[in-house]
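Grab the model and work through these two exercises. Each task comes with a solution in steps.

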Protein chains: 2
Amino acid sequence: MIKNSLLKAEVITIGDEILQGFVQDTNASYLGQRLTNLGVEVLYKTSVGDDSDLIEKAIGVAWRRANLVITTGGLGPTADDRTKKVVAKVFRRPLVLKNSVLHKIREHFKERAIKMPPLNISQALFPQGARILENPLGTAPGIFIQEDDKLFFSLPGVPVEMKSIFETNIEPILKQKQKGGVLIQKLLKTTGITESVIAERIQGILKEFESIISVAYLPEDTGVNFRLVIKGCLPEEGGKKLQEIEEKIRKEIGDYIYGSDEETLEEIIGYSLLMKKKTIAVAESCTGGLIGNRITNVSGSSVYFLGDVVAYSNELKKRLLQVSEKILDVHGAVSSETVRAMAKGVRKLCGSDLGLAVTGIAGPTGGTKEKPVGLVYIGLDSEEGTLWEERRFSGNRRMIKEKIAQAALDLVRRHLLK
Amino acid sequence: MIKNSLLKAEVITIGDEILQGFVQDTNASYLGQRLTNLGVEVLYKTSVGDDSDLIEKAIGVAWRRANLVITTGGLGPTADDRTKKVVAKVFRRPLVLKNSVLHKIREHFKERAIKMPPLNISQALFPQGARILENPLGTAPGIFIQEDDKLFFSLPGVPVEMKSIFETNIEPILKQKQKGGVLIQKLLKTTGITESVIAERIQGILKEFESIISVAYLPEDTGVNFRLVIKGCLPEEGGKKLQEIEEKIRKEIGDYIYGSDEETLEEIIGYSLLMKKKTIAVAESCTGGLIGNRITNVSGSSVYFLGDVVAYSNELKKRLLQVSEKILDVHGAVSSETVRAMAKGVRKLCGSDLGLAVTGIAGPTGGTKEKPVGLVYIGLDSEEGTLWEERRFSGNRRMIKEKIAQAALDLVRRHLLK
């Protein structure tokens, strides 16, 4: 726990669906993380439904026990969005119409060639004296009220809008208030290695530095991430210590670590391809387009990503990827022979430097004793020849697809490391 | 919101990792759902870290404002598990050793051939007069304290253990208290229509049935879902009422509603394609494989999904999809002419009944004044000819990709409705 923070926060998430558990409260976890990273002590998180009285009481309780209160949700135009009225009441400030906001809402609808529904006018009402925090991604701006040394923020519940306002408008304010007491930490991201193997390999290092470091493991379907947190150091000294510890850890874990913090595997690959001036094309089967989708989540990927053939049918594997009838007959669509032919075929078809291919059984049906659900072959063709791997994954259909895509992208990463 | 419930609940989840957002608070959403389905009005959910003072305050606040309080977490044997001591303090009951529990903990370790660590003795201590709720899956039992008509439960934080105790020991108690007032609800899913338009169209219906229905909106990037909840009815009567209201709502919203509850758009399309014995192939550009990925998330999609060509480069658009040089030169890759040619081309290439194509600018770079980021063309070719749409979407790269994929799948759904 952070204990020396000037800011003591409570996060309030508003909405029946969150309270009743029908949607995961990702806003609360996002804000918990961000505030913790800023060195803010988070005292409480509270969820409350779309009920004006209960929201009012929750904000009242929070305003007494914390000096930083952030609410999310209840700023939309429909009748179940009540936050703004409650905020006006709690802070005893009447709602006034902000013409600049009304203008922006009108523009928003005009751009989309939709007539503005009258309900949206209410989105231009704000508690008197509140600062308006612009929302570039939606029609509900955030609200900022400061009284003495206490800060109150109200944000929309749509996660991307909430995050955008938080990062653009709120973080700079909090950073200034915190005066540099930022937490020193780093998230290391791995794939292909288990949590217990990581723990074994780094236990000596953790022992050596146990007075200043703590580790939290965050296992995901596609790999294990772990967070290093430096405690009880001044920023500069802590930064150096973290670097020293990270270097030691990297020696133990090696290239299972593919990136850190916000980096994604597809970004890492994209960067390597750019640096090496190489292009890639993909041939997918069971993953259905997921690999191409991930590669193209990176802005600027059109420079190195030429295309993707999802050959779900054998017919397309033959016709587009030049997988021979004989290979398919003798070895089957899920085989090392097929994946190698697919990788070669798509590289030739697209004229790329690398050809990546996968073929497997995502399930839940389609498995046999010899070729069970989760079996997959991954191939990578380049001028140096054709690599391939056989892997087995467990889980439901979507998990298996995710794991296959991750393993395929990791094969590309490791190839580019050389 | 449930308003006529005898039980008014607050859920308190305890633990630094939950508070700081490094793990999702799945216990809170589980309990929120379970309680709601039992007809219990959930007033608040609160999260608090591993800090005795703050836990004590949180339980104190909850015990004043609710008559059913459930805590999870902090019952384990390690030093950061403080809940039991706090409970003893709040309820002014000394901790006493329960020999029956100690015996079971000893057995638990014996079965696993592990020596019981002395720390685990503390798990046999309980507030005087509390009822012990057996934990068949772990060493920390739950605690139940009743004072007057108010109920307090403390459960371990490990989700499987918490769920097991809740379902075995707590639900029967709550059901008896609630006397059969189970919740009746349905989630309707839409795309292509805004929250405020839905609200306007159904406001008359909601007015007519306001004594028994409530609505919660769940806007997502790809469409607006809304949940209908029937309150204050007996199960059978409530079910009939819900059906009646749903029919009226469907008349107002029409085929913007694509499904309900757990159904996804790709499942709906898959079902239609199966029923009509049609096949589909996809040509993607800016979405990079996302559409194929979604279609193939449905188990059994190999029956109707033949393949997907992600033609990121113009070269592939020409070579594989037979988009002519002239069209690309005169109209550009992002144009209605190109998308129509792509849809025709992929249908011919794969020999499918339907050919779906998209081409657009996902951004954040690559936009121009005439063709801004978010502009997309969607085409659908079939034996009846070629449909196409021009759409504009806002957001970041991933959001735009998601919105385009949703609009493209929805075009298929609407075509299949005919």
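**Exercise 1.** Work out how much area chain A and chain B bury between them, and which contacts cross the interface.

*Solution.* Start with area: the two chains bury about 6400 Å² between them, 55% of it on carbon and sulfur atoms. Buried area here is the accessible area (1.4 Å probe) lost on putting two parts together, summed over both. This is a predicted model, where local features need pLDDT of at least 70, side-chain atom pairs count only at pLDDT 80 or more, and totals for chains, interfaces and linings use all residues. Side-chain values use heavy atoms, without hydrogens and water.

Next, count residues: 78 of chain A are in contact (heavy atoms within 4.5 Å) with 79 of chain B.

Now look for charge pairs. The rule finds one salt bridge across the interface, taking a side-chain nitrogen of Lys or Arg within 4 Å of a carboxyl oxygen of Asp or Glu. R227(B) forms a salt bridge with E17(A), with the closest N and O atoms 2.8 Å apart.

**Exercise 2.** Find D25(A) and say what surrounds this residue.

*Solution.* First, place it: D25(A) sits in the loop between α1 (16–19) and α2 (26–37) of chain A, helices being DSSP runs (H or I, at least four residues) numbered from the N terminus.

Then check its charge partners. D25(A) is buried (under 20% relative accessible area, 1.4 Å probe, protein chains only) yet has no salt bridge. The nearest side chain of opposite charge, K45(B), is 5.9 Å away.

Finally, list the neighbours. Leaving aside those within four places in sequence, D25(A) is in contact with T13(A), I18(A), S47(A) and Q24(B).

Terms used:
Residues numbered from 1 in each chain as written. Chains lettered and ligands numbered in written order. Helix = DSSP H or I, 4+ residues; strand = E, 2+ residues; numbered from the N terminus. Buried < 20%, exposed > 50% of the residue type's maximum accessible area, 1.4 Å probe, protein only. Lys, Arg positive; Asp, Glu negative; His and termini not counted.
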